Amino acid sequence: MGNRADEYRRLARECMTLATRMATEEARSVLIEMARVWTSLADAQSSTLPRGTHDVSPPVVRHEQQVPPQDDGGTG
């Protein structure tokens, strides 16, 4: 396995590939944003490691879901 930056870039490519297969603009946008974040993390990781150093720890991936507020039915 390569370093974390390589893994993050792989994940970014995967997000972009999945984005091309999504039916809705919202789903594509989310995946494109995820790809941007993975790429940003890869760039940051690359800049912190000395040349030739490989960090083989697996990346920590957290999935968070936002729950929209519920409509109380009132006229507010």
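These are short questions and answers on a predicted model.

Reader: How many aromatic pairs are there, and what makes tyrosine 8 and tryptophan 38 a tilted pair?

Author: The count is one aromatic pair. The ring centres of tyrosine 8 and tryptophan 38 lie 5.3 Å apart, and a pair needs centres within 6.5 Å. Their planes meet at 35°. Under 30 degrees would be stacked, and over 60 edge-to-face. So the pair is tilted.

Reader: Which helices hold tyrosine 8 and tryptophan 38?

Author: Tyrosine 8 is in helix H1, residues 4–19. Tryptophan 38 is in helix H2, residues 25–48. The two residues are 30 apart, so the pair links distant parts of the chain.

Reader: Why is tyrosine 8 called buried?

Author: Its relative accessibility is 8%. Buried means under 20%, so tyrosine 8 qualifies. Tryptophan 38, at 12%, is buried by that cut-off too.

Reader: What makes the contact of arginine 10 with glutamate 7 a salt bridge?

Author: The closest N and O atoms are 2.7 Å apart. The cut-off is 4 Å, so the pair counts. Arginine 10 and glutamate 7 are three residues apart in helix H1, about one helical turn. Glu7, Arg10 and Glu14 are linked in a network of salt bridges.

Reader: Are arginine 10 and glutamate 7 buried or exposed, and why?

Author: Arginine 10 has 35% relative accessibility. That lies between 20% and 50%, so arginine 10 is partly exposed. Glutamate 7 has 17%, under the 20% limit, so glutamate 7 is buried.

Reader: Which salt bridges lie in helix H2?

Author: Among them is arginine 28 with glutamate 25, at 3.1 Å. Another is glutamate 33 with arginine 36, at 3.4 Å. Both distances are within 4 Å, so both pairs count. A search of the whole structure finds five salt bridges.

Reader: Why is glutamate 25 called exposed?

Author: Its relative accessible area is 51%. Exposed means over 50%, so glutamate 25 qualifies. Arginine 28 has 24% and is partly exposed.

Reader: Where does asparagine 3 lie, and what does its side chain reach?

Author: Asparagine 3 lies in the segment before H1. Its side chain reaches the backbone nitrogen of aspartate 6 at 2.8 Å. Asparagine 3 has 12% relative accessible area, so it is buried.

Reader: Where does pLDDT stay under 50?

Author: It stays under 50 over residues 56–65. For these residues the model has seven contacts beyond four places in sequence. Where pLDDT is low, predicted coordinates should not be read in detail. The chain averages a pLDDT of 78, and 61% of the residues score at least 70.

How values were computed: Residues numbered from 1 in each chain as written. Predicted model: local features only at pLDDT ≥ 70, side-chain atom pairs only at ≥ 80, totals over all residues. Heavy atoms only, no water. Phe/Tyr/Trp six-rings, centres within 6.5 Å; stacked < 30°, edge-to-face > 60°. Helix = DSSP H or I, 4+ residues; strand = E, 2+ residues; numbered from the N terminus. Buried < 20%, exposed > 50% of the residue type's maximum accessible area, 1.4 Å probe, protein only. pLDDT = per-residue confidence, 0-100. Contact = heavy atoms within 4.5 Å. Polar contact = N/O pair within 3.5 Å; in protein donor to acceptor, adjacent residues only side chain to side chain. Salt bridge = Lys/Arg side-chain N within 4 Å of Asp/Glu carboxyl O.
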